[in-house]
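Student: Please take a close look at the aromatic rings for me, pair by pair. I would also like to know what the rest of the chain is like around them.

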Amino acid sequence: MELLASFFVDLGDKAAIGLQSALSWNNLLHCAIGVTLGTFLGALPGIGVLVSLSLLFPITFHLEPTAAIIMLGGIYYGTAYGGSIASILLNVPGTPANAVACLDGYPMAKQGRAAVALSMTAVSSFIGASIGIALMMLFAPVISAYALEFGPAEYFSLMVLGLLAASSVSEGSPVKGMVMVVLGIALGLVGVDLNTSLTRYTFGILALHDGLSLLAIAMGLFGVTEIISSAGKAQSSQVRPQDITLRAMIPTRDDVSRLWMPSIRGAGVGSFFGALPGTGGMISAFAAYAVEKRVSKNPERFGKGAIEGVIAPESANNAGDQTAFIPTLTLGVPGSPALALILGVLLIHGINPGPALIGERPEMFWGLIMSFWIGNVFLLILNIPLIGIWVRVLSIPYHLLYPSILFFVCIGVYSVNLNAFDIWVVVIFSLMGYGLRLLDYPAAPLVLGFVLGPMMEIHFRRTLIFSQGDFSAFIDRPISMMLLAASGILLCWAIWIAVRGRRRKTDPVR
């Protein structure tokens with residue numbers, strides 16, 4: 001009991017340090033800006049967290065590191081709140097993870113209950129996020145303490161497992177995902193090798209000696225590609241802004257009675273999947289929906305406007321967004337492609353995420369966690385009265401909205417390095433991203449490979465230096481061997497899935 005009491009006293013002291021950092025005017029302002037911009041972009045159909053971060057993280061290059069990551073974190077989980085708005089009103093998910101909310105959210109909107117669906121979604125999202133943050137506060141320091149025992153071999157093996165999980169567990173073909181991971185690793189190696197000072201894959205282009213810009217790649221693959229793909233679309237909300245009033249948002253007693261348990265169950269599912277690298281919000285949202293349908297006494301209501309079908313996935317989505325920061329900050333392995341962008345920004349600021357981060361930068365780590373509480377309170381307070389404004393935003397035609405986004409993309413890319421070459425990189429990767437989309441190749445694993453590739457190379461070389469070139473060092477250490485074994489199982493599973501899918505295509509009878 002004394003050990004447990006001392007743990008919570010220490011946790012309280014660290015939370016106080018974080019609260020002091022998060023409540024500074026600078027960090028508070030950027031938290032509010034992040035969640036507001038995240039909600040706005042998340043509400044736009046098809047934008048999603050990757051596009052939102054790609055469009056907005058140039059702003060953070062000019063900020064102090066703690067304010068930068070707090071703002072990026074606000075954008076990250078703010079898009080989850082905003083994504084449900086388009087799902088409910090348009091039947092078009094704002095982000096892939098919000099796709100499940102379409103199943104019952106849009107039927108509720110057609111029944112005239114869009115306002116209730118939106119308000120209950122905001123509350124369930126807050127509940128899920130709160131549970132996810134609490135779990136992060138409890139487990140992140142413990143994981144970080146054990147991770148201090150990791151050497152370069154363990155880090156290399158962990159990153160291999162994370163990349164394989166991201167490519168094989170996420171939606172789409174596992175083989176195509178692995179191809180994109182390998183391509184991302186190759187792109188991450190472009191530039192001057194720090195150990196030998198030799199240039200790699202530069203083809204005589206001087207601008208490539210410093211490597212490719214993460215910002216330019218992300219904006220091209222996600223931001224501009226989305227604009228190209230959305231050209232000509234003209235969805236508009238069928239719900240009138242005057243129908244979304246505070247009175248209309250008040251739920252019935254039956255709605256409130258159905259709120260708590262689905263939110264808690266969804267948060268539990270989302271927290272588990274969020275902490276696993278590569279699984280993403282979509283898997284946790286679908287899993288939470290499936291669990292809720294299974295435990296329901298009237299499963300036939302689902303798909304026809306069941307409020308639990310909206311509450312549980314959104315709670316899971318937001319809980320997973322919080323716990324996804326655990327492997328990113330404590331191990332330096334991003335839990336999702338979006339968090340790979342945030343990790344990349346930290347590296348640009350000269351901060352190495354990992355087990356030493358909590359001890360070396362406690363004001364940043366705990367300030368970020370406490371800003372999650374503040375940001376989610378902001379979202380709850382802002383979203384309910386501002387839902388009418390988001391409805392009006394969704395009525396803006398695409399052909400007016402997207403050219404302005406494209407303008408800010410060009411300004412943002414150029415302003416970072418004042419280098420016109422980065423704009424050409426955006427153009428090349430936007431065309432590449434559109435081609436990959438047509439061929440059904442996922443672009444997100446490429447970002448993970450690009451960010452983790454150089455780090456994997458560093459740990460790979462360190463392991464061989466310490467072992468004097470003996471490759472058995474990767475399997476001599478128990479943790480590294482277990483991680484590589486898990487990677488091998490994932491790889492075999494992905495190959496089996498690919499072979500089975502090909503057999504089904506060639507043999508219609510089966």
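Tutor: What follows starts with the rings and then moves out to other parts of the chain. The model is predicted, so to speak, with a filter: local features need pLDDT of at least 70 and side-chain atom pairs pLDDT 80 or more, while totals for chains, interfaces and linings use all residues. Residues are numbered from 1 along each chain as its sequence is written, and side-chain values use heavy atoms, with hydrogens and water left out.

First, the setting. The chain has 22 helices and two strands (DSSP runs numbered from the N terminus: H or I of at least four residues, E of at least two). Of its 510 residues, 54% are buried (under 20% relative accessible area; exposed is over 50%, partly exposed in between, with a 1.4 Å probe and protein chains only). Contacts (heavy atoms within 4.5 Å) reach far along the sequence: of those between residues at least 6 apart, 79% join residues at least 24 apart.

Now to your rings. Searching the whole structure gives nine aromatic pairs (Phe, Tyr or Trp rings, the six-membered one for Trp, with centres within 6.5 Å; stacked under 30 degrees between planes, edge-to-face over 60, otherwise tilted). One of them joins Phe-325 and Phe-372, a tilted pair with 5.0 Å between the centres and 50 degrees between the planes. Phe-325 belongs to helix H14 (residues 325-331) and Phe-372 to helix H17 (residues 362-393), so this pair ties together parts that lie 47 residues apart in sequence. Both of these phenylalanines are buried.

A second pair makes a nice contrast in geometry. Phe-460 and Phe-474 are stacked, at 5.5 Å centre to centre and 15 degrees between the planes. Here the link runs from Phe-460 in helix H20 (residues 444-466) to Phe-474 in helix H21 (residues 473-476), and the two are 14 residues apart. The two partners fall in separate burial classes: Phe-460 has a relative accessible area of 27% and is therefore partly exposed, whereas Phe-474 is at 5% and so counts as buried.

Let us return to the tilted pair for a moment. Phe-325 and Phe-372 belong to one aromatic cluster with Tyr-76 and Tyr-77. Elsewhere, a ring meets a charge: Lys-176 sits over the face of Tyr-441, 5.0 Å from the ring centre (the cut-offs are NZ of Lys or CZ of Arg within 6 Å of the centre and within 35 degrees of the ring normal).

Sequence neighbour to that tyrosine is a residue with an unusual backbone angle, and here a general point helps. Most residues other than glycine have a negative phi. Asp-440 has a positive phi, near 65 degrees, and is placed in the loop between helix H19 (421-438) and H20, the helix that carries Phe-460. With a relative accessible area of 55%, Asp-440 is exposed. Tyr-201 also has a positive phi without being a glycine, with a value near 60 degrees. Its place is the loop between strand S2 (199-200) and helix H9 (214-229).

Further along the chain, helix H22 (residues 478-506) holds Leu-491. Leu-491 is partly exposed, with a relative accessible area of 35%. Setting aside residues up to four places away in sequence, Leu-491 touches Leu-164 and Met-178. The C-alpha atoms of Leu-491 and Pro-174 are 8.9 Å apart, although 317 residues separate them along the chain.

Two spots towards the start of the sequence round off the picture. Thr-60 is in the loop between helix H3 (48-56) and H4, yet at 0% relative accessibility it counts as buried. Apart from neighbours within four places in sequence, Thr-60 is in contact with Ala-68, Met-71, Leu-72, Val-345 and His-349. Helix H5 (residues 101-110) is mostly covered, with seven of its 10 residues buried. Those seven are Ala-101, Cys-102, Asp-104, Gly-105, Pro-107, Met-108 and Ala-109. After H5 comes Gly-112, with a positive phi near 85 degrees.
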